[in-house]
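The exercises below are meant to be worked through with the sequence and the model side by side. Each one sets a task and then gives a solution in steps.

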Amino acid sequence: MTTTATSTTSGLWTPIAIEAAKKFGISQREKLNDLGALDQTFGPIQIVGEPIDAADGTRNDDANTICTKVIHFQRHGQGYHNLICDMWREVGKPIDFDSTDPELNPVIRPEMVDPPLTELGRQQCILVREGCSRLSPELVIVSPLLRCIQTAKLSFRDHANTDKTPWVSHEGCREELGLLIGNKRRPVREIIEDHPEIDFGAIEHDEDDLWDAYGDRRETLLEKSARAYDFLQFVMERPESEIAICSHSAYLFTLLNAVMDIEDEDLRSWFLTGEVRSLRVTWAAHQGSFI
């Protein structure tokens with residue numbers, strides 16, 4: 001399943017947002033390439049992603065194959081931080097996401113903590129609900145940030161029976177850490193009050209110690225890649241064979257381009273808000289590795 005074809009004709013994605021996604025994809029791939037991340041190995045396990053309809057299952061016969069799962073990746077719908085950035089772009093105002101000056105970087109304003117979905121973001125998530133209802137996830141994993149929890153609850157509403165399909169939150173699939181207030185979460189105790197049906201047991205700290213540890217700098221692409229690799233090991237070790245994961249654009253782009261081996265260019269491109277992509281993911285030991 002993918003919502004890419006729908007997204008450009010539904011009227012729920014502005015030309016500004018679509019153009020920004022294209023530019024982000026180009027610039028981030030250049031940065032990953034300059035860092036050597038596109039050719040770097042982050043651990044003893046190779047992780048390969050293929051389109052669902054193109055995979056024939058032959059990798060399961062490889063002696064190095066550990067397991068294969070179907071993963072439905074989703075980027076959250078439009079959040080208020082996305083809206084504000086789009087409004088800046090509409091008036092031609094550049095954004096410097098590395099700046100500590102709120103006049104240059106709106107996402108560092110204190111009001112930006114854990115922003116929710118906009119009404120447009122909600123509609124983007126509702127749009128893909130029908131397609132998600134035809135999927136069969138045995139587990140739903142969400143970033144602990146509010147926009148992802150809201151997105152999953154709207155798009156995967158038909159899989160919300162947690163007695164049948166567990167919902168868990170994991171810090172390994174949240175957006176990049178540090179500096180950007182829009183990527184800082186609330187205390188877990190507060191999130192649980194609003195969403196008691198989700199299992200937050202995998203999150204170690206109540207306060208956002210992970211984000212705080214970076215101070216006034218952003219998590220680097222290599223640091224984010226290593227975190228994404230570790231998260232995919234968590235996914236590999238889960239018993240479920242079909243999993244939905246609701247995450248974030250920069251994180252997903254890094255995961256699909258630097259951490260996973262994916263040949264399909266469309267699968268590796270920058271996600272639009274609310275977009276869902278389904279992949280067949282295979283974990284296999286690198287040649288000569290001992291795991």
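**Exercise 1.** In this predicted model, find which residues histidine 72 is in contact with, leaving aside its neighbours within four places in sequence, and decide whether histidine 72 is buried or exposed.

*Solution.* Begin by placing the residue: histidine 72 belongs to strand E2. Next, list its partners beyond the near sequence neighbours, which are Leu135, Glu242, Ile243, Ala244, Ile245, Val276, Arg277 and Ser278. Finally, turn to accessibility, where the cut-off for buried is under 20% relative accessible area. Histidine 72 has a relative accessible area of 3%, so it counts as buried.

**Exercise 2.** Determine which strands pair with E2, and in which sense each pairing runs.

*Solution.* First mark the strand itself, which covers residues 65–75 and has ten of its eleven residues buried. Then take strand E6 (residues 276–285), which runs antiparallel to E2 and is joined to it by nine bridges; within this pairing, isoleucine 71 has leucine 279 of E6 as its bridge partner. Then take strand E5 (residues 242–247), which pairs with E2 in the parallel sense over six bridges, and here valine 70 stands opposite glutamate 242.

**Exercise 3.** Locate aspartate 114 and leucine 179, and state what is notable about the phi angle of each.

*Solution.* Start with aspartate 114, which lies in the loop between helix H3 (80–90) and helix H4 (119–127). Its phi is positive, about 45 degrees, although the residue is not a glycine. With a relative accessibility of 4%, aspartate 114 counts as buried.

Continue with leucine 179, found in the loop between strand E4 (167–169) and helix H7 (188–194). The phi of leucine 179 is also positive, at about 60 degrees, and this residue is not a glycine either. Leucine 179 has a relative accessibility of 6% and therefore counts as buried.

**Exercise 4.** Describe the surroundings of arginine 217, and find how far arginine 217 is from arginine 174 in sequence and in space.

*Solution.* The position comes first: arginine 217 sits in the loop between helix H8 (209–212) and helix H9 (221–237). Its relative accessible area is 38%, which means that arginine 217 is partly exposed. Apart from neighbours within four places in sequence, arginine 217 is in contact with Leu177, Gly178, Leu179 and Glu223, and one of these, leucine 179, is the residue with a positive phi from the previous exercise. The last step is the distance: arginine 217 and arginine 174 are separated by 43 residues in sequence and by 17 Å in space, taken from C-alpha to C-alpha.

**Exercise 5.** Build up a picture of the whole protein, and explain why it can be called as compact as a globular protein of its length.

*Solution.* Begin with the secondary structure, which consists of eleven helices and six strands. The radius of gyration is 18 Å, close to the 19 Å that the globule rule gives for 291 residues, so the protein is as compact as a globular protein of that length. Along the principal axes, the C-alpha atoms fill a box of roughly 55 × 45 × 40 Å.

Then consider the interior and the contacts: 53% of the 291 residues count as buried, and, among contacts with a separation of 6 or more, 79% are between residues 24 or more positions apart.

Close with the surface and the charges. The protein exposes about 13,100 Å², of which carbon and sulfur atoms supply 50%. There are 30 positive and 49 negative side chains, and the centres of these two sets lie 4 Å apart.

Technical notes. Residues are numbered from 1 along each chain as its sequence is written. This is a predicted model: local features need pLDDT of at least 70, side-chain atom pairs count only at pLDDT 80 or more; totals for chains, interfaces and linings use all residues. Side-chain values use heavy atoms; hydrogens and water are left out. Helices (H or I, at least four residues) and strands (E, at least two) are DSSP runs, numbered from the N terminus. The radius of gyration is taken over C-alpha atoms; the globule rule is 2.2 Å times the number of residues to the power 0.38. Buried means under 20% relative accessible area, exposed over 50%, partly exposed in between (1.4 Å probe, protein chains only). Contact means heavy atoms within 4.5 Å. Accessible areas come from the Shrake-Rupley method with a 1.4 Å probe; for residues, only the protein chains shown count as cover. Lys and Arg count as positive and Asp and Glu as negative; His and the chain ends are not counted. The place of a charge is taken as NZ of Lys, CZ of Arg, CG of Asp or CD of Glu. Two strands pair if DSSP finds at least two bridges between them.
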